[in-house]
Every structure is written in C-alpha cells, then in structure tokens.
Amino acid sequence: MPRKFARAPDSVINAAMQKSAPLQAARLPDAFRPDDPHLVGVSGGRDSMALAHWLRAQGCSRLIVCHLDHALRPASPDDAAFVRDRAAEWGCECVIRRVEVAVAAGQPKQSIETAAREARRAFFADVARERSCPRLILA
C-alpha cells in the first residue's frame with residue numbers, strides 16, 4: 001500500500017518556525033552562505049523535510065535536493081515522487097537515483113544497513129562531484 005504523506009502548507013510551517021525559539025536561534029555557519037549551492041539529503045521523512053524547510057527559511061536559494069531510493073519497499077517510488085514534487089514546488093534542483101540495495105548487499109555479502117549506508121555515501125559523493133558542490137547537509 002502506498003505511503004500517504006501529510007503535508008502542511010508552507011504558511012503553517014513558516015508560522016511554526018517563527019514561534020520556535022530553537023529554530024530562531026539556529027543559523028547557518030558562516031561557511032554556508034545562503035547564496036551558495038548546498039546539497040541536502042531528503043528522504044521525505046519529517047527530519048529531512050524540516051531541514052529543507054529550515055534551509056529555505058534561512059534564504060538558501062540554491063538547494064540541490066538529493067534523494068536515494070533504496071528499492072527496499074514497494075512504496076519507495078512514492079517517496080521519491082514526493083521529494084521530487086516538493087523540490088519542484090520550491091524551485092530547487094532535484095537529483096533522484098535508485099539503487100537495488102538488497103542486491104548490492106549480496107555482493108559482497110553484507111547487511112542491508114551497511115549496503116544502504118555505502119550506497120548513500122557514494123550517491124552524495126557522486127552528486128557533489130557532478131555539481132561541484134562541497135557542502136552536504138543531512139538531518
């Protein structure tokens with residue numbers, strides 16, 4: 001069964017962020033200028049979506065949304081579509097790739113978790129090289 005995502009309107013998210021003292025206190029480090037490109041890993045879950053919203057609220061206008069579909073669940077293409085649609089709404093570049101992690105885990109034999117972690121590292125490194133972007137932000 002496809003995963004259903006509840007999405008609050010940006011106005012609600014922005015209002016909540018304005019009322020949140022920890023978010024108001026948080027800021028980008030000086031090395032992360034808002035007008036520079038930043039890779040942001042987005043799974044579609046709450047943490048990574050909150051991070052992407054926060055980065056946008058900080059004025060980051062050149063986010064490169066990166067999503068790796070691990071192909072571990074039948075609904076994983078829905079997650080990728082959700083991330084792609086949000087990135088399009090935000091006017092952000094989006095890079096989505098799919099890796100059959102279960103197959104990768106068998107060659108050489110390793111756990112699914114290890115194979116998934118290695119696939120993510122390789123994916124982020126590839127996108128960083130392709131886009132000449134040395135900054136990766138993860139939730």
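This briefing walks through the fold, the cores, the sheet and the salt bridges of the structure above. Please keep in mind that the model is predicted. The protein chain has 139 residues, and 38% of them count as buried. Its secondary structure consists of six helices and four strands.

**The overall fold**

- Reading from the N terminus, you will meet the elements of the protein chain in the order α-α-β-α-β-α-β-α-α-β.
- Many contacts bring together parts of the chain that are well separated in sequence: among contacts between residues at least 6 apart, 75% join residues at least 24 apart.
- The protein chain exposes about 8,200 Å², and carbon and sulfur atoms supply 54% of that area.

**The sheet**

- The four strands form an open sheet in the order β3-β2-β1-β4, and their pairing is parallel.
- The edges belong to β3 (93-98) and β4 (136-137); each has a single partner strand, so one side of each is left without a neighbour in the sheet.
- As general background, strands of a sheet pair through backbone hydrogen bonds, in either a parallel or an antiparallel way.
- For a closer look, find strand β1 (residues 38-41), which pairs with β4 in the parallel sense over two bridges.
- In this part of the sheet, Leu39 stands opposite Leu136 in β4.
- Helix α4 lies across β2 and β3, and it runs at about 175° to β2.

**The nonpolar cores**

- The largest nonpolar core has 17 residues, and Val40, Val42, Leu55 and Val65 have the most contacts inside it.
- Two or more residues of this core come from each of α3 (46-57), β2 (63-69) and α4 (76-90).
- Helix α3 gives the largest share of this core, with five residues.
- Val65 is a good residue to click on: leaving aside residues up to four places away in sequence, it touches Val40, Val42, Val83, Ala87, Trp90, Cys92, Glu93, Cys94 and Val95.
- There is also a second, separate core of 15 residues, which includes Leu68, Ala115, Phe123 and Val127.

**The salt bridges**

- How many salt bridges does the structure hold? There are eleven, and the next points introduce some of them.
- Asp79 forms a salt bridge with Arg73, and their closest N and O atoms are 2.0 Å apart.
- Is Asp79 buried or exposed? Asp79 is buried, with a relative accessible area of 6%, whereas Arg73 counts as partly exposed at 35%.
- In helix α4, Glu89 and Arg86 are three residues apart, so about one helical turn separates them.
- The side chains of Glu89 and Arg86 meet in a salt bridge, at 2.8 Å from N to O.
- Within that pair, Arg86 is buried with a relative accessible area of 11%, while Glu89 is partly exposed at 46%.
- Helix α6 (residues 112-131) holds Asp126 and Arg129, which are three residues apart and therefore separated by about one helical turn.
- The side chains of Asp126 and Arg129 also meet in a salt bridge, at 2.6 Å from N to O.
- Here Asp126 is partly exposed, with a relative accessible area of 30%, and Arg129 counts as exposed at 57%.
- Finally, look for Glu93, Arg97, Glu130 and Arg131, which are linked in a network of salt bridges.

Terms used:
Residues are numbered from 1 along each chain as its sequence is written. This is a predicted model: local features need pLDDT of at least 70, side-chain atom pairs count only at pLDDT 80 or more; totals for chains, interfaces and linings use all residues. Side-chain values use heavy atoms; hydrogens and water are left out. Buried means under 20% relative accessible area, exposed over 50%, partly exposed in between (1.4 Å probe, protein chains only). Contact means heavy atoms within 4.5 Å. Accessible areas come from the Shrake-Rupley method with a 1.4 Å probe; for residues, only the protein chains shown count as cover. A nonpolar core is a set of buried Ala, Val, Leu, Ile, Met, Phe, Trp, Tyr and Cys residues joined through side-chain atoms within 4.5 Å. Two strands pair if DSSP finds at least two bridges between them. Axes are lines fitted to C-alpha atoms, for helices over the stretch in contact, and angles run from 0 to 180 degrees between N-to-C directions. A salt bridge is a side-chain nitrogen of Lys or Arg within 4 Å of a carboxyl oxygen of Asp or Glu.
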